[in-house]
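Here are some notes for a colleague who is opening this entry for the first time. They are set out as numbered points, to be read with the structure in view.

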Amino acid sequence: VNGKRMADPGVLLGFPSDALTRVEVLPRQAGALYGGDPSRRVLNIVLQKRFASRDGQLDAEMPTAGGMSSLAADIRQGMIAGNSTTQFGARATRDSALLGVERSEYVEDHPDRAAVSLRPLAEMVGANLALTRAVGDWSASMNLQAQARGTRSLSLSNGVPVETRQASRSLTAIAGLSGQLAGWSLQASLTMQMSAASQSGLANTESRQRSLAAMLAASRTMFNLPAGPVAVSLTAQTSRSHMTSKVLKTWRAYSAQDIGLNGSVSVPLWQSPSTGTGTALTHLLG
C-alpha cells in the first residue's frame with residue numbers, strides 16, 4: 001500500500017473506490033524486493049493523498065404475504081491524510097420473526113403449530129474502528145471490531161409454546177507493524193479475540209472464549225543470481241486460547257496452545273528469455 005508492505009491490509013477494506021488512485025501490478029521480481037515470495041505477483045495499491053467521505057445506507061424489505069420484514073442501517077466515515085488513515089463504521093439490522101400462523105399452507109398441514117417460529121426474530125448491532133499510522137519509516141495499524149447479536153424464537157414442548165433466546169457478543173482487536181531493519185523486511189501482528197454466547201429456553205447453556213495470537217515474519221534478499229535474487233523467509237507464530245462452557249449447571253474449561261517456526265529459501269534456477277521472469281525452487285527448512 002503506497003509502496004510499503006502492511007501487516008494487516010484488511011484495515012483499508014472499508015474505504016470506497018473513490019479513495020483509490022490506481023492499482024499497480026509489479027513484475028514478479030518485485031516479490032523478493034519487498035520481502036515476499038519471488039514467484040508471486042505484487043500488487044501496489046495507491047491511495048489518494050487527501051480524502052474524506054461519509055456514507056450511509058438504509059435497506060428495508062417486506063414480502064407481499066406479510067411477516068418476515070427486514071431493516072438494516074449502515075454508516076461509514078473515512079479519512080486519509082498522507083500515510084495516516086482512519087475509518088469508523090456502525091451497522092444495525094433487524095429481521096422480524098415469521099410465525100406459522102402467517103403462512104396458511106403451513107397451518108393447514110400443521111394445525112397445532114400455528115405459534116411456532118418458522119424464522120426467529122434476529123437483531124444485530126456492530127461497530128468497527130480501523131487506523132493506520134506512520135511511525136518513522138515503519139507502518140502501524142489497529143483494527144477493532146465489536147458485534148452483539150440476539151435471536152428469539154417459539155417452539156413447542158409437550159404442546160406448550162416455549163420461547164428460546166440466544167445471545168452472542170464478540171470483540172476482535174488486531175495490531176500490526178511492518179518495516180525494514182538491518183536489511184530485513186519485518187512484519188509483526190498481535191490478534192486478540194473475546195466472545196460470549198448464551199441460550200435460554202428449551203436448553204440453558206453458556207460459553208465464553210478468549211484467544212491471543214502473535215506472529216513475526218522476516219524476509220530478505222541474500223544475493224542475486226543471473227536468474228534473479230535468492231530470498232530467505234522466516235516465520236514464528238504462537239497462539240493460546242481458553243474456553244469455558246456451562247451445560248446443565250456444570251462448568252467445563254478447555255485450553256490450547258500452539259507454537260510454530262518455519263522458514264524457506266527461494267532459489268531462482270533459470271530465467272525465461274522471452275518474458276524475463278524466473279522460475280523459483282523453494283526448499284523448506286522446517
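1. A good place to begin is the pair Glu-163 and Arg-165, whose side chains meet in a salt bridge with 3.1 Å from N to O. Glu-163 has a relative accessible area of 37% and is therefore partly exposed, and Arg-165, at 41% relative accessibility, counts as partly exposed too. Please keep in mind throughout that this is a predicted model, and that the values quoted here are computed from that model.

2. The count of salt bridges comes to seven, and a second one worth finding joins Arg-94 to Glu-123, with the closest N and O atoms 3.2 Å apart. This pair links distant parts of the chain, since Arg-94 belongs to strand β5 and Glu-123 to strand β8, and the two residues are 29 apart. Arg-94 counts as partly exposed at 39% relative accessibility, while Glu-123, with a relative accessible area of 36%, is also partly exposed. As general background, side chains of opposite charge can pair when their charged atoms come close.

3. Which residues are linked in a network of salt bridges? The network is made up of Asp-74, Arg-76 and Arg-91. Within it, Arg-76 forms a salt bridge with Asp-74, and the closest N and O atoms of that pair are 3.1 Å apart. The two partners differ in their cover: Asp-74 has a relative accessibility of 16%, under the 20% limit, and so counts as buried, whereas Arg-76, at 31%, counts as partly exposed.

4. Arg-76 appears again at the second largest pocket, where Arg-76, Ala-127, Asn-128, Asn-143 and Gln-145 lie nearest the centre among the 20 residues of the lining. The elements that give two or more residues to this lining are β5 (84-95), β8 (121-135), β9 (138-157) and β10 (160-181). The largest share comes from β8, which supplies five residues. About 320 Å³ of space lies in this second largest pocket.

5. How many aromatic pairs does a search of the whole structure find? The search finds one, and this pair is formed by Phe-15 and Phe-51, in an edge-to-face arrangement with 6.4 Å from centre to centre and 70 degrees between the planes. Phe-15 lies in the segment before β1 and Phe-51 in strand β3 (residues 50-61), so the pair ties together parts of the chain that are 36 residues apart in sequence. Both Phe-15 and Phe-51 are buried.

6. On the surface, Leu-20, Val-23, Val-25, Leu-43 and Ile-45 make a nonpolar patch of about 430 Å². The elements that contribute two or more residues to the patch are β1 (20-26) and β2 (42-47), and β1 gives the most, with three residues. Leu-43, which lies in strand β2, has a relative accessible area of 55% and is therefore exposed.

7. Is Ala-182 buried or exposed? Ala-182 has a relative accessibility of 66% and so counts as exposed, and its place is in the loop between β10 and β11 (184-200). The backbone here deserves a careful look, for phi of Ala-182 is near 55 degrees, a positive value in a residue other than glycine. In general, most residues other than glycine have a negative phi.

8. Two further residues show how parts that are separated in sequence are placed in space. Lys-249 is found in the loop between β13 (228-247) and β14 (250-271), and its C-alpha lies 8.4 Å from that of Asn-204, although 45 residues separate the two in sequence. With 77% relative accessibility, above the 50% limit, Lys-249 counts as exposed.

9. The last point concerns Pro-268, which is found in strand β14. The C-alpha atoms of Pro-268 and Ala-227 are separated by 5.6 Å, with the two residues 41 apart along the chain. Pro-268 has a relative accessibility of 9% and so counts as buried, whereas Lys-249, treated in the previous point, counts as exposed.

Key:
Residues are numbered from 1 along each chain as its sequence is written. This is a predicted model: local features need pLDDT of at least 70, side-chain atom pairs count only at pLDDT 80 or more; totals for chains, interfaces and linings use all residues. Side-chain values use heavy atoms; hydrogens and water are left out. Patches are made of residues with over 30% relative accessible area and no salt bridge: like charges are joined within 9 Å, nonpolar side chains (Val, Leu, Ile, Met, Phe, Trp, Tyr) within 5 Å. Accessible areas come from the Shrake-Rupley method with a 1.4 Å probe; for residues, only the protein chains shown count as cover. A salt bridge is a side-chain nitrogen of Lys or Arg within 4 Å of a carboxyl oxygen of Asp or Glu. Helices (H or I, at least four residues) and strands (E, at least two) are DSSP runs, numbered from the N terminus. Buried means under 20% relative accessible area, exposed over 50%, partly exposed in between (1.4 Å probe, protein chains only). Rings of Phe, Tyr and Trp (its six-membered ring) pair if their centres lie within 6.5 Å; planes under 30 degrees apart count as stacked, over 60 as edge-to-face and the rest as tilted. On a 1 Å grid over the protein atoms alone, a cavity is a set of points where a 1.4 Å probe fits but cannot get out, and a pocket is an open set with protein on both sides within 12 Å along at least five of seven lines; lining residues have an atom within 4 Å of a point. Grid points are joined across faces, edges and corners, and a volume is the space filled by probe spheres set on the points.
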